[in-house]
Amino acid sequence: MKFVVFEGLDGAGKSTLIEALKTKILARGESVTLTREPGGTPLGDEIREMLLRTDAEAPCPRAELLLYEAGRAHHVDTVIEPARSRGEWVICDRFYASTVAFQVGGRGLDAADIDWLNRYAVNGCEPDLWILLDLTTTEAKKRMAGRNLDRFESEKEDFHERVRQSYLQLAKSQKEKWLVLDAAKSKEQLTKELFHYFEGRKWL
């Protein structure tokens, strides 16, 4: 049983691949917990609402960071680690790499501070694999057209480009822990590549 995290810009297609992987795992008779950040718990969902809403006061960047970390600590202790203890797969839509990408890359906060806070929040809970669905900001914007955008989705394109480059740098710095997929490909091709990778590691 593995702990797998999907990352990428909004519109990259994380939800589609997560659902495909969940279906594959269940077909093998194995158990899986799907979760997400921000969110994943009732408390986390309340924090998510504060972070993403556009109709109320927005937190300043440092408060934003601390809200993410508070939700993450609770998420790890009450959802992720219990599921792993039960021998289940855990598939998470975003985890602490998002905080590096969005708060360091996007907001420009100090990387050392965020690394420390991430370590404190996860308390040793590390994914077996990060999956980055890499998509250009231009294509992501096209895919998001017509949606009711949240506070992060509404950020300018240069913000999202900094986030994208931060993700790519993370993946480059830990190649053995990251699988980077070209999110411009069809969902069928992406699913095929994902399953091929997992089968190559004898996870499926």
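Counting as a disulfide any pair of cysteine sulfur atoms within 2.5 Å, one arrives at 0 disulfides. This is a predicted model, in which local features need pLDDT of at least 70 and side-chain atom pairs count only at pLDDT 80 or more, while totals for chains, interfaces and linings use all residues. Residues are numbered from 1 along each chain as its sequence is written, and side-chain values use heavy atoms, with hydrogens and water left out.

The cysteines can be taken in turn. The closest cysteine sulfur to that of Cys125 belongs to Cys92 and is 9.0 Å away, too far for a bond. Cys125 is buried, with a relative accessible area of 0%, and Cys92 is likewise buried at 0%, whereas Cys60 is partly exposed at 42% (buried means under 20% relative accessible area, exposed over 50%, and partly exposed in between, with a 1.4 Å probe and protein chains only).

Cys92 lies in strand β3, residues 89-93, where strands are DSSP runs of E with at least two residues and helices are runs of H or I with at least four, numbered from the N terminus. Leaving aside neighbours within four places in sequence, Cys92 has contacts (heavy atoms within 4.5 Å) that include Phe3, Val5, Arg36 and His75. Ile18, 74 residues from Cys92 in sequence, is 8.4 Å from Cys92 in space, C-alpha to C-alpha.

Asn118 sits in helix α5, residues 111-122, and is buried at 4% relative accessibility. Its side chain makes a polar contact of 3.1 Å with that of Arg72, the term denoting a pair of N or O atoms within 3.5 Å, of which, within protein, one must be able to donate a hydrogen and the other to accept it, residues adjacent in sequence counting only if both atoms are side-chain atoms.
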